[in-house]
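Hi,

Here is the structure I promised to pass along. Have a look at it first, and my notes follow underneath.

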Amino acid sequence: MIKSAWKRWTAVGALGVALAACEEVEERQARFEELTEAVMDQVNNEVLGGIENPMEMVSLEARALAGVQTAPLQLEPVDLEAALRTESFFVVGAVIAKPWEEVVVSPESTTLVGVQSASRASAPQRAQLGRSLQSSGQLQALEATEAPHSNEADGADDGAESAEFAIEAPEALRAGPPKPPEPISRALRIRKEVNAPAARRARSKAAEALERMGLAGAVSTSDGGQVVIQIGADPLKFSPEKARDAMRARFAPARRAKADLCEGDVTVEQMRSDPILATECVVKVLADSGEYEYVEKDYIFTHQLEPRQADMPVATPTALAEPNDPLWSLQWHFQDIGTGEGASEGGAGFHDFWSRAEQTGSRAVTVAVIDTGLQLSHPDIAGSQNLAPGFDMVSDPIMGNDGDGRDPDPNDPGDKCDPNDPLARDTFHGTHVAGTVGVAATNNANGVAGGAWDVTIVPVRALGRCGGQLSDINDGIRWAAGVVPARDAMGEEIWNANPADVINLSIGLFERCPASMQEAINDAVEAGAVVVAAAGNARIDTQYYAPGGCDNVISVAAGDARGHLTPYSNYGAAVDILAPGGDMSRDDNGDGRPDGVLSTKFATDCYDPVSGDGVTECFYAYENGTSMAAPHVSAALALLKASFPTAEPSELTRRLLD
């Protein structure tokens, strides 16, 4: 029995030893696997660039950012009637006018076709146009004819918007050797050539009108066909030390009820002593003359960056769809629509598109960003292959804040309106907008990602201190589309070598679309560009806002991280699409950071997202506004253009909205 028990004990002991040995082997195997995994992680980190937490593996400069959650927006319901009484601003002494005569060549025929408003154009005016062109030697055997739908027998306007007339083009325009392609369409080119005499006449008539009114000023014509009238003092004469006071004097609120402002006996002395009155009266006198298609003040547009509230305490084919930029995980606005890790209910779905389409853009696609310019020294932008030459369209040196007028340098020197205001700040708005489209290098283990990794960005600076002039923005739109040249200090033409497929306008004006802006947009669309516009941040129907309420634009409202319309965004039938604009007062994804749009820009009062420590300066920041929503759409259109390079603008728009 003892022997038998011993045998049983020996067997159990042997089994125990065997089990212990097995456990030791398994433990060693597990330790080996852990060690192997750690080694592979190290190899991946050092060789392949794969990292578990990208933020910990890059320099502070490559990850520090600005933007903390703000107090909830305290918004009252908008009183539309009161909102419409809100004053917009214009440049004192600056007027834009367009002469009636407009002649274009239909690309499908040899007939010159002109269009004029039925309420303005009369048969004698059209006949006079023909005589003027004939006397200039440009056209022969002209005969103005009534269009079938013209309603001008008694001079009344019964609602018809236009009357047409046709003039047979002269032999010189119909024949001749073929010409090399030019950067503008044939119709726009001929319109510019034929309109030259009309523009000169309009300039002379405007100068004569100023003289009759007893006002001094300068009148010039732009390549876009408009007449620009500067009443009184030349802004170039302002000294730098008087820049602030001069800037304040240059702006005035637009009087919406201005019909009788210049009625009655307004004297020359009154106009000379009141530049605002003089501007209003020049607009009225020119408009009443019947010589112009439209006359309007040179309005001031502003970026559509939603002002921050008080802070609370605190197509290159690729299979890679997850950029290694360390701040990518914080860019909820590019993530797929949904819930869970790597998704956001308010995301724009870029991650999903990159994966499914297996492309992240093409540098053959050009997006022009008409804004405050670009911080060319930004560490994630300097040297970026996505950046193309741009232009500074800001004509007023005071507004330009760079000591000169228009030039080929689109660098953003800052735009704060009053440097002595302790609360004023430079927005570097254009850098943030362009960063969302994709001007910075993406997948370079630095900073943020852009919507299009490969794209050509053309920065057009049209906004400076306190905003941007309508006349500068109009010229910027046409230059971006390759319709007209810019001009250097010597008057030499400078064409955009990269005409835009997409033009981004993250700007706004509380006015219905100005006629001159609508015409500039139409010219850009005719030249082949898709124009994307912020809907605006006034919480009203977008029809009362420009350019979001203009025709021929894709108007973009702003959504938050839930996919809801933000409290500040405009809305209405004029809006085409909702895109992430962010809401700095919310943190719906619970990451401890505001639900703003994270992009490139120089900022102060920053922090390290890894340690939480404060950082004095950084190059990435959260912002919110319809300004932030529009570039998401521009980036999406750039990706679609890369997938469908021969698609016309209308097809790209259809694919986007579908």
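To start with something you can check by eye: is C417 buried, partly exposed or exposed? C417 has a relative accessible area of 39%, which makes C417 partly exposed, because that label covers values from 20% to 50%. Before you read on, please keep in mind that this is a predicted model.

**The chain as a whole**

The protein chain contains 15 helices and 24 strands. Of its 658 residues, 49% count as buried. The chain's accessible surface comes to about 29900 Å², and carbon and sulfur atoms account for 52% of that.

**The disulfides**

Searching the whole structure turned up three disulfides.

C417 is half of one of them: a disulfide joins C417 to C466, with an S to S distance of 1.8 Å. This pair links distant parts of the chain, 49 residues apart. C417 sits in the loop between helix 10 (397-400) and helix 11 (429-437), while C466 is in the loop between strand 14 (454-461) and strand 15 (468-469). The link of C417 and C466 is right-handed, with 100 degrees about the S-S bond. Whereas C417 is partly exposed, C466 counts as buried at 14% relative accessibility.

Another disulfide joins C513 to C550, S to S 2.0 Å. C513 lies in the loop between strand 19 (507-508) and helix 13 (515-526), and C550 lies in the loop between strand 20 (530-534) and strand 21 (554-559), so this pair ties together parts that are 37 residues apart in sequence. The link of C513 and C550 is right-handed too, with 95 degrees about the S-S bond. C513 is partly exposed, with a relative accessible area of 22%, and C550 is buried at 7%.

In the loop that holds C550 there is also a proline to look at: P547 lies between strand 20 and strand 21. The peptide bond from A546 to P547 is cis, with omega near 0 degrees.

The disulfide of C606 and C618 has its sulfur atoms 2.1 Å apart. C606 is in strand 23 (residues 597-607) and C618 is in strand 24 (residues 614-623), so the pair ties together parts that are twelve residues apart in sequence. The torsion about the S-S bond of C606 and C618 is about -75 degrees, so this disulfide is left-handed. Both cysteines are buried: C606 has a relative accessible area of 6%, and C618 comes in at 1%.

**Helix 11 and the loop before it**

Now back to the loop between helix 10 and helix 11, where C417 sits. N401 is found in that loop, and its phi is near 65 degrees, a positive value in a residue other than glycine. F428 belongs to the loop between helix 10 and helix 11 as well. F428 has a positive phi of about 45 degrees, although it is not a glycine. As for cover, N401 is partly exposed, with a relative accessible area of 34%, while F428 is buried at 10%.

How many of the residues of helix 11 are buried? The count is nine of its nine residues, so to speak a mostly covered helix. Among them are H429, H432 and V437. Just after helix 11, G438 takes a positive phi of about 140 degrees.

**A buried arginine**

Have a look at R478, which is placed in helix 12 (residues 470-481). At 0% relative accessibility, R478 counts as buried. What is R478 in contact with, leaving aside its neighbours within four places in sequence? The residues it touches are G224, Q226, V483, V484, E519, A520 and D523.

**Two packed helices**

Last topic: helix 9 (residues 350-357) and helix 14 (residues 626-643) pack at an angle of about 5 degrees, with their axes 12 Å apart. That makes helix 9 roughly parallel to helix 14, because angles under 35 degrees count as such. On the helix 9 side, F350, F353 and W354 make the contact. They meet H632, A635, A636, L639, L640 and S643 in helix 14. The residues of this contact divide into seven nonpolar, two polar and no charged.

Over to you!

Terms used
Residues are numbered from 1 along each chain as its sequence is written. This is a predicted model: local features need pLDDT of at least 70, side-chain atom pairs count only at pLDDT 80 or more; totals for chains, interfaces and linings use all residues. Side-chain values use heavy atoms; hydrogens and water are left out. A disulfide is a pair of cysteine sulfur atoms within 2.5 Å. Helices (H or I, at least four residues) and strands (E, at least two) are DSSP runs, numbered from the N terminus. Buried means under 20% relative accessible area, exposed over 50%, partly exposed in between (1.4 Å probe, protein chains only). Axes are lines fitted to C-alpha atoms, for helices over the stretch in contact, and angles run from 0 to 180 degrees between N-to-C directions. Angles under 35 degrees count as roughly parallel, over 145 as roughly antiparallel, 65 to 115 as roughly perpendicular and the rest as oblique. Contact means heavy atoms within 4.5 Å. Ala, Val, Leu, Ile, Met, Phe, Trp, Tyr, Cys and Pro count as nonpolar, Asp, Glu, Lys and Arg as charged, and the others, Gly among them, as polar. Accessible areas come from the Shrake-Rupley method with a 1.4 Å probe; for residues, only the protein chains shown count as cover.
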